[in-house]
Amino acid sequence: MSGAPLKFETPIQDAISRIRFAPTSHNLLISSWDSKLRLYDVGSSVLRLEAPAEAALLDCCFQNESVAFSAGSDGFIRRYDLHSGICEMIGNHDDIATCIGYSDETSQVLTAGLDKKIFAWDARMEEGKKSVFVKSLDSEVTSMSLSGLDMMVTMGALIYVCDLRNLQKPYESKVSDLNTTIICGSAIPNAKGFAVGSADGRVSLEIFRPSNSDNIRYMFRCHPKSTDRRYHLAAVNEIVFNPLIYGALLTGDDEGHVIAWNAQSRKRLFQLPRYPNSVASLSYHHQGQLLAVASSYTYRQAIESEELPQIFIHEIGDANMRSADIGSSSRN
């Protein structure tokens with residue numbers, strides 16, 4: 001499975017918005033602009049589910065191996081039984097729903113949309129009786145990421161981080177050091193911190209230590225130079241952290257590059273072969289040794305490749321990533 005594309009009897013016909021590996025299996029959840037949610041068994045190379053909707057699906061997430069959710073361009077939040085294929089609405093935004101995530105710690109489905117609101121839906125309640133928390137914001141949310149009890153959202157150049165037990169007030173709200181539009185963001189697994197990527201190809205990373213003097217905070221330009229040694233201004237579309245190796249992250253950009261980085265030494269570890277289209281989404285398998293890459297147009301650029309979207313699966317060996325472990329890396 002080293003760089004092999006997934007095979008579909010009927011190819012995905014429109015842009016891929018999100019891919020996510022399941023919590024404990026080889027199943028991959030895929031949402032796309034062709035209004036379908038797909039569940040693909042990467043281990044067996046079998047499409048397990050293809051569930052149609054009435055709108056483009058702009059994000060998706062798992063609750064567990066049996067249940068998933070999607071956010072739609074019609075504002076509706078959909079819940080899927082992955083065994084039966086049954087889909088039900090759990091609620092809706094007043095405008096396009098753009099982001100969704102699920103918290104095991106609080107049993108909440110967190111969503112955001114162009115209506116400048118964050119919703120928290122209680123996944124334990126029966127349909128029609130779900131308690132809802134609504135947080136109104138000043139701007140549209142461009143990305144959302146959950147890690148433990150932390151939720152990070154980005155709005156323009158603003159980063160907003162809060163505890164899921166107290167969504168009313170963020171414990172951090174700041175303008176990014178990037179000082180430009182943030183395209184994507186990712187909270188660091190099992191740690192306090194985050195990384196955000198910009199429209200001009202830079203990443204800003206912050207890791208909060210118990211002692212403030214030991215915090216890590218810096219920016220870097222993360223994509224290749226051209227032959228004339230000038231930087232490409234390719235938007236960073238996705239940032240993902242390895243689930244098992246603290247400090248190892250990957251970035252994916254609009255020009256089809258995926259690069260692995262050591263968060264502490266600030267060094268490039270390796271680069272995957274360039275993809276035929278933009279890198280729309282990345283996802284690590286829960287064991288950290290498989291990486292799914294969605295190569296797809298994103299509708300963010302005026303001119304993009306018209307090739308059909310594809311999903312590639314890479315085996316990422318420990319030897320490549322272990323040097324990123326912050327616990328064993330030398331300090332700069």
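This note goes through the salt bridges, strand pairing, nonpolar core and two buried loop residues of a predicted model.

1. **Salt bridges overall.** The whole structure holds 18 salt bridges. General background first: side chains of opposite charge can pair when their charged atoms come close. Three pairs are taken up below, followed by a network.

2. **E50 and K36.** These two side chains form a salt bridge, with N to O at 3.4 Å. E50 belongs to strand β5 (residues 46-52) and K36 to strand β4 (residues 36-41), so the bridge ties together parts 14 residues apart in sequence. Both ends are partly exposed. E50 has a relative accessible area of 35%. For K36 the value is 25%.

3. **K117 and D94.** Here the N to O distance of the salt bridge is 3.0 Å. K117 sits in strand β12 (residues 117-122), while D94 sits in the loop between β9 (87-92) and β10 (97-103); the pair therefore ties together parts 23 residues apart in sequence. K117 is partly exposed, at 22% relative accessibility. D94 is exposed, with a relative accessible area of 60%.

4. **D200 and R202, and a network.** The side chains of D200 and R202 meet in a salt bridge at 3.1 Å, N to O. Are these two residues buried or exposed? D200 is buried, and R202 is buried too. Elsewhere, R18, R20, D59 and E238 are joined into one network by salt bridges that share partners.

5. **Surroundings of β12.** The strand that carries K117 deserves its own point. Five of the six residues of β12 are buried, so the strand is largely enclosed by the rest of the structure. Strand β11 (residues 108-113) runs antiparallel to β12, and five bridges join the two. Within that pairing, T111 stands opposite F119 of β12. The hairpin of β11 and β12 has three residues between the strands, and K116 there takes a positive phi near 65°. β12 also pairs with strand β13 (residues 132-136), again in the antiparallel sense and over five bridges. A120 has F133 of β13 as its bridge partner.

6. **The four-strand sheet.** As background, strands of a sheet pair through backbone hydrogen bonds, either parallel or antiparallel. In this model, an open sheet of four strands runs in the order β18-β19-β20-β21, with antiparallel pairing. Which strands form the edges? They are β18 (182-187) and β21 (216-221), each pairing on one side only. From one strand to the next, the twist averages 15°. At the β18 edge, five bridges join β18 to strand β19 (residues 192-198), and the two run antiparallel. One pair to check by eye is S186, which stands opposite A195 in β19.

7. **The largest nonpolar core.** This core has 18 residues. V203, L205, I239, F241 and L249 make the most contacts inside it. Which elements give two or more residues to the core? They are β20 (202-208), β21, β22 (236-241) and β24 (258-262). Two of these, β20 and β21, also appear in the strand order of the open sheet.

8. **L205 up close.** L205 is one of the residues with the most contacts inside the core. Leaving aside residues up to four places away in sequence, L205 touches F194, A195, I216, R217, Y218, F241, L249 and A263. Among these partners, F241 and L249 are also listed for the most contacts inside the core. Another partner, A195, is the residue of β19 that stands opposite S186.

9. **N242.** This residue lies in the loop between β22 and β23 (248-253). N242 is buried, with a relative accessible area of 4%. A polar atom of the N242 side chain lies 2.9 Å from the backbone nitrogen of L244.

10. **S278.** The second loop residue is S278, found between β25 (267-271) and β26 (279-284). S278 is buried, at a relative accessible area of 4%. How far apart are the C-alpha atoms of S278 and V236? They are separated by 9.8 Å, although the two residues are 42 residues apart along the chain.

Definitions and conventions: Residues are numbered from 1 along each chain as its sequence is written. This is a predicted model: local features need pLDDT of at least 70, side-chain atom pairs count only at pLDDT 80 or more; totals for chains, interfaces and linings use all residues. Side-chain values use heavy atoms; hydrogens and water are left out. A salt bridge is a side-chain nitrogen of Lys or Arg within 4 Å of a carboxyl oxygen of Asp or Glu. Buried means under 20% relative accessible area, exposed over 50%, partly exposed in between (1.4 Å probe, protein chains only). Two strands pair if DSSP finds at least two bridges between them. Axes are lines fitted to C-alpha atoms, for helices over the stretch in contact, and angles run from 0 to 180 degrees between N-to-C directions. A nonpolar core is a set of buried Ala, Val, Leu, Ile, Met, Phe, Trp, Tyr and Cys residues joined through side-chain atoms within 4.5 Å. Contact means heavy atoms within 4.5 Å. A polar contact is a pair of N or O atoms within 3.5 Å; within protein, one must be able to donate a hydrogen and the other to accept it, and residues adjacent in sequence count only if both atoms are side-chain atoms.
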